[in-house]
Amino acid sequence: MNIIEIRDNVFLLNTLHTSYLFKLNEHDHLEHVHYGSRVLPEDHDALSVKHWTGYGTTIMYDEKDQTYSLDHIPQEFGTYGKGDLREPSLEMECKGSYTLDLTYDSYEIIDGDTKIEGLPNAYGCDRTLLVHLKDVHNGIHLDLYYAVYYDTDVISRRCVLINRSGSTVVLHKLLSYCLDLSENDLTLMSFTGAWNKEAHLTETDLERGKQVVESRSGFSGNKTNPGFIVRKDNTTECNGKAWGFNLVYSGNHYSSVAKDEYGVLRIQGGISPERFELKLKNKESFCSPEAVLSYTENGLNDLSAHFHDFVNEHIVRSDWKKKERPILINSWEAFGMKFTKDSLLKLAQNAKELGIEMFVLDDGWFGRRDSDLRGLGDYDCNRRKIPGGIRSLSKSIHDMGLLFGIWVEPEAINPDSALYEKHPEYALNENERGLLLGRHELLMDLGNAEVRDYIVENVTKLIDENDVDYIKWDMNRLMASLSGIENHDYIKGLYEVLERIFIKRPWVLLESCSSGGNRFDLGMLCYSPQIWASDDTDPVERLDIQKGLSYLYPVSAMGAHVSASPHSMTFRTTPLETRFHVAAFGAFGYELDLGSISSLSKKEIKEQVSYYKKHRSTFQFGRFYRIDEESDYEVFEVQNEEETIVAKFRRIVHAVPSFDKLCVYGLKEDRVYAVDAREFNHNIKKFGNLLNYVTPVQLNTEGLLVHSISKRRGFKEGTQNYRASGRALRYGINLNNLFLGSGFDRHLRLSLDYGSDMFLIKEVNDESGKEE
Ligand code: DGJ
């Protein structure tokens, strides 16, 4: 296994299926050659961009060599001042000059990981290449780190700037990586959104010019996730080339993808340079966060699989690494902040009866917090709501045989809180023009060690004194006017706090949250194995959100819950089975008042819970696919050695629906499989006047009788069982027909707006004729 090969000034990094190649050229610069499929060191000449002549107005690096302009050389790290007129990855002022010329000094190979001061990074790499560059004119050094995660086909990059100039320099920008790709016909896939609408796939044709993927909200943000993909225009889910990029960082980020006049794409990313200015004294250094790169020639599902394996193997730590996550009930969408100990215990009891495994008490349990106007910063339990305090609640929950989880928002403070009265200086007052509030909150000053201690002390006390099994760590305030360095210091403070609390308590399952998915990034995943994907739990909206996130993050990382219908944000009514089928592709739970639902819904939920438990490891850790064969449907699949599960989601139903298919990826072509649809019951009220076609007497379909029957009895969806080879399933088998408006047969599938089917696919053992 040749992970790093260095020969004749050629540096070749190999993963299982990819190679990253650069060389030291005749001017002592690192010249990027290739990031793509596996190649040999000898290929460097053929793969290199040729530079035999200078063109027109270009600035030549050395007057004696008219073939060499930095503007035409694909580079490992672009700087300003010697002829490269593209966007630099490093900008600084040293002794009154912005010019930098970083040439090769030496290299080292490190067996395994390296640490970044103050920032989390991935762990378990196979080998790290460290290349030392320096500017011989001013004493600025740059160390480039390349870590190889061989099996997951990921290479990470980061760098450290060291000032050995003898004087203080001003750093304005230090990105984590730069990649000059000489490829045409490319599309950028970014994941954009807002509160309630996170991670929607946005595709942009890459023409001449620059596209930017950035966050300026202080956090990785819901407007644009730091992860993005560049693919060939003709790449699909199953075929074609794609390059993926992400950052292990939770603060303001910036990436740019710019196509130059020769069609070379400069891709670079890291901490946002906006309002970033750092004075570095002689001998001081600054570290960039780690960037994660991957490549595939087998389509987007394969690229996603690299990222999913990478997150599960090299990012997530704690006892919950690759461990099945408990099914939870969360009190937020059930009660908001209006609850009593009795209502909480009733919710927990209902959940227990349905097979749910963990109870989570959300916002509203401390201080004067009856609304989001007040209380943040305080940790004393509101005993009017919960007599006996959290300890007694936790004990009652544990006595029921459930795990106990609790919500906190430690990074924020309400001006109306006991803490603010005592320590107004703990708040980060961003604006000298008066309090600038967001959700009535200010951020805590995490750059201040005393504030960090306060948070660590209170959260650890909460966990330790109350046997807390799970923490939901929320954060609902954006940053408006901090400088780049203040933002970076805050993020480092946050990582320190998380490290001190959770690395020492690996049994606690941390789910981070930021008004839903406002901080869904690899930095947070280093501490929290799962992240609440969105406050929008409407399953139709969630399809886009979870699909978008799935390009970069595994199913096990995405918190997803079944909530009430009609939905409180979209007012959309959706079938209970679809709410389950969508949330099942996530770290699964429920978030509704189980006391106010019908006995039929309870029965359905009990079956959902038991189905999910039976297949939990496939859902959470199986290989995930997006199936893109039918544009009218969203189709998700998960698969492991034993079984495959596919869910097919309809949106709006039209009359005379086309015959539709089930297409399954990743099966063994010559094996035979049994395909069984999950059984569930429809609420009979969905059928409206159609009920009168099957009942002997005329019913008022909006009346009390139908209403009360609907709470107890459902209508069973048509049974579906198929048998087919892996090859036929890859091609797509025809499913039973959808109901067409007249005639009924027990095999017909019911076509409803937002309806869905879920199929379990298992290999058939030929001799016995039974499923394996
Ligand atoms: C925002 C979160 O995203 C919600 O899930 C909930 O915890 C509320 N905060 C509570 O205030």
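**View 1. An open sheet of 3 strands has the order β24-β26-β25.** The pairing in this sheet is antiparallel. The model shown here and in the other views is predicted. Strands β24 (412-413) and β25 (427-428) form the edges, and each pairs on one side only. Look next at β25 and β26 (residues 442-444): 2 bridges join these antiparallel strands. One residue pair to find is Ala427 with its bridge partner in β26, Met444. Strands of a sheet pair through backbone hydrogen bonds, and the pairing can be parallel or antiparallel.

**View 2. Strand β22 (residues 358-361) pairs with β21 and with β23.** Strand β21 (residues 328-330) and β22 run parallel and share 3 bridges. Asn330 has Val360 of β22 as its bridge partner. Strand β23 (residues 403-408) is also parallel to β22, and 4 bridges join the two. Here Val360 appears again: its bridge partner in β23 is Gly405.

**View 3. Both faces of strand β22 are covered.** Start with one side of the strand, where Met358 and Val360 are buried. Now turn to the other side. Phe359 and Leu361 lie there, and they are buried too. Val360 is thus a residue to follow through two views: buried here, and a bridge partner of Asn330 in the view before.

**View 4. Helix α4 (residues 341-354) packs against helix α5 (residues 389-399).** The axes are 10 Å apart, at an angle of about 20°. Angles under 35 degrees count as roughly parallel, so α4 is roughly parallel to α5. The crossing of α4 past α5 is right-handed. Which residues of α4 make the contact? They are Lys341, Leu344, Leu345 and Ala348. From α5 come Ser392, Leu393, Ser396 and Ile397. Sorted by class, the contact holds 5 nonpolar, 2 polar and 1 charged residues.

**View 5. Helix α11 (residues 576-583) meets helix α12 (residues 599-621).** The two axes come within 11 Å and cross at roughly 20°. That angle makes α11 roughly parallel to α12. The crossing is right-handed. On the α11 side, the contact is made by Leu576, Glu577 and Phe580. On the α12 side, find Ser601, Glu604, Ile605, Gln608, Tyr611 and Tyr612. How do these residues divide by class, and what are the counts? There are 5 nonpolar, 2 polar and 2 charged residues.

Note on methods: Residues are numbered from 1 along each chain as its sequence is written. This is a predicted model: local features need pLDDT of at least 70, side-chain atom pairs count only at pLDDT 80 or more; totals for chains, interfaces and linings use all residues. Side-chain values use heavy atoms; hydrogens and water are left out. Axes are lines fitted to C-alpha atoms, for helices over the stretch in contact, and angles run from 0 to 180 degrees between N-to-C directions. Angles under 35 degrees count as roughly parallel, over 145 as roughly antiparallel, 65 to 115 as roughly perpendicular and the rest as oblique. A crossing is left-handed if the near helix is turned anticlockwise from the far one by less than a right angle, and right-handed if clockwise. Contact means heavy atoms within 4.5 Å. Ala, Val, Leu, Ile, Met, Phe, Trp, Tyr, Cys and Pro count as nonpolar, Asp, Glu, Lys and Arg as charged, and the others, Gly among them, as polar. Buried means under 20% relative accessible area, exposed over 50%, partly exposed in between (1.4 Å probe, protein chains only). Two strands pair if DSSP finds at least two bridges between them.
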